[in-house]
Amino acid sequence: MTVDDADLAEHSGSFTHFGPPGYPELMPPCDTPRLRLREMTDDDLDDMAALLGDPQVMEYYPHPKDRTEAAAWIRWNRRNYAEHGFGLWIVETHKGEFLGDCGLTWQTVNGAPHLEVGFHVKPSAQGNGLATEAALACVDHARELEVAAILTAIIHRDNRPSQRVAEKLGMQRNPELRHKSPDHEVFSLDL
């Protein structure tokens, strides 16, 4: 996922509601065998600041985020919940261990809003299929929401682990879809 500082600023103000009539109704994806996805709250700041401040997690972003930027990330997602009924959710075990975030956001592709699935997993939990498991729940959720015909993933061209997750979701590179960053490729999946 590639919400950089410019994207955050672009999406932090008033944004057109793309959901069906009657939205927003906040509904996180269903639990998976190992994971629960839930609303992100201000109480998650310590975990989110550690996650988004980790150089390994943020390797393909302009820079790791500081605590203030992590708080802005939480506020951005809370606005997404209010405006669209979805955003990035906290990913945790059924026992409540924080693992990262994953969810659905509107991103600009080809100059227009496209639904994107995005995820971050803390380094100690990477390599166990957790990003794929959480993202698959979000793909199912996107299908249930019926707010887009395709789902995208905007991934840095060198970020092979995230590309593998996208491929496990059934996504493929889509050369017809372009992100404003020339360093990123857009993967897509028909919903």
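Glutamate 146 is exposed in this predicted model, with a relative accessibility of 68%. Its place is the loop between α4 and β5, and its phi is positive, about 55°, although the residue is not a glycine. Asparagine 110 shares that backbone feature: its phi, near 55°, is positive in a residue other than glycine. Asparagine 110 sits in the loop between β3 (98–109) and β4, and at 43% relative accessibility it counts as partly exposed.

Here are some residues of interest side by side, with their relative accessible areas.

| Residue | Relative accessible area | Class |
|---|---|---|
| Glutamate 146 | 68% | exposed |
| Cysteine 30 | 58% | exposed |
| Asparagine 110 | 43% | partly exposed |
| Methionine 171 | 3% | buried |
| Cysteine 102 | 0% | buried |

**The chain as a whole**

Let's step back to the overall fold. The secondary structure comes to 5 helices and 7 strands. Read from the N terminus, the elements follow the order α-β-α-α-β-β-β-α-β-α-β-β. The chain has 191 residues, and 51% of them count as buried. Among contacts with a separation of 6 or more, 67% are between residues 24 or more positions apart. On the outside, the chain exposes about 8,800 Å², with carbon and sulfur atoms supplying 49% of that area.

**A buried methionine in a loop**

Which loop holds methionine 171? The residue lies between α5 and β6 (172–173). Despite that loop position, methionine 171 is buried, with a relative accessible area of 3%; a residue counts as buried when that value is under 20%. Leaving aside residues up to four places away in sequence, methionine 171 touches Val117, Leu151, Thr152, Ala153, Ala166, Phe187, Ser188 and Leu189. Several of these can be placed on the elements around the loop: Val117 falls within β4 (112–121), Leu151, Thr152 and Ala153 within β5 (150–156), and Ala166 within α5 (160–168). For one of the contacts there is also a backbone distance: methionine 171 and serine 188 are 17 residues apart in sequence, and their C-alpha atoms are 5.0 Å apart in space.

**The largest pocket**

If you are thinking about cavities and pockets, the largest pocket holds about 550 Å³ of space. Its lining is made up of 28 residues, and Phe119, Gln126, Asn159, Pro161 and Ser162 lie nearest its centre. Which element gives the most to this lining? That is α5, with 5 residues. At least two residues each come from β4 (112–121), α4 (130–145), β5 (150–156) and α5 (160–168). In terms of residue class, the lining has 13 nonpolar, 12 polar and 3 charged residues.

**Cysteines without a bond**

How many disulfides does a search of the whole structure find? The count is 0. Cysteine 102 shows why: its closest cysteine sulfur, in cysteine 138, is 3.7 Å away, too far for a bond, because a disulfide calls for sulfur atoms within 2.5 Å. Cysteine 102 is buried, at 0% relative accessible area, whereas cysteine 30 is exposed, at 58%. Cysteine 138, the partner in that 3.7 Å pair, falls within the range of α4 (130–145), one of the elements that help to line the largest pocket.

Notes. Residues numbered from 1 in each chain as written. Predicted model: local features only at pLDDT ≥ 70, side-chain atom pairs only at ≥ 80, totals over all residues. Heavy atoms only, no water. 1 Å grid on protein atoms, 1.4 Å probe; cavity = no way out; pocket = protein on both sides within 12 Å on 5 of 7 lines; lining within 4 Å. Points joined across faces, edges and corners; volume = space filled by probe spheres on them. Helix = DSSP H or I, 4+ residues; strand = E, 2+ residues; numbered from the N terminus. Nonpolar A, V, L, I, M, F, W, Y, C, P; charged D, E, K, R; others polar. Buried < 20%, exposed > 50% of the residue type's maximum accessible area, 1.4 Å probe, protein only. Contact = heavy atoms within 4.5 Å. Areas by Shrake-Rupley, 256 points an atom, 1.4 Å probe, with all protein chains shown as cover.
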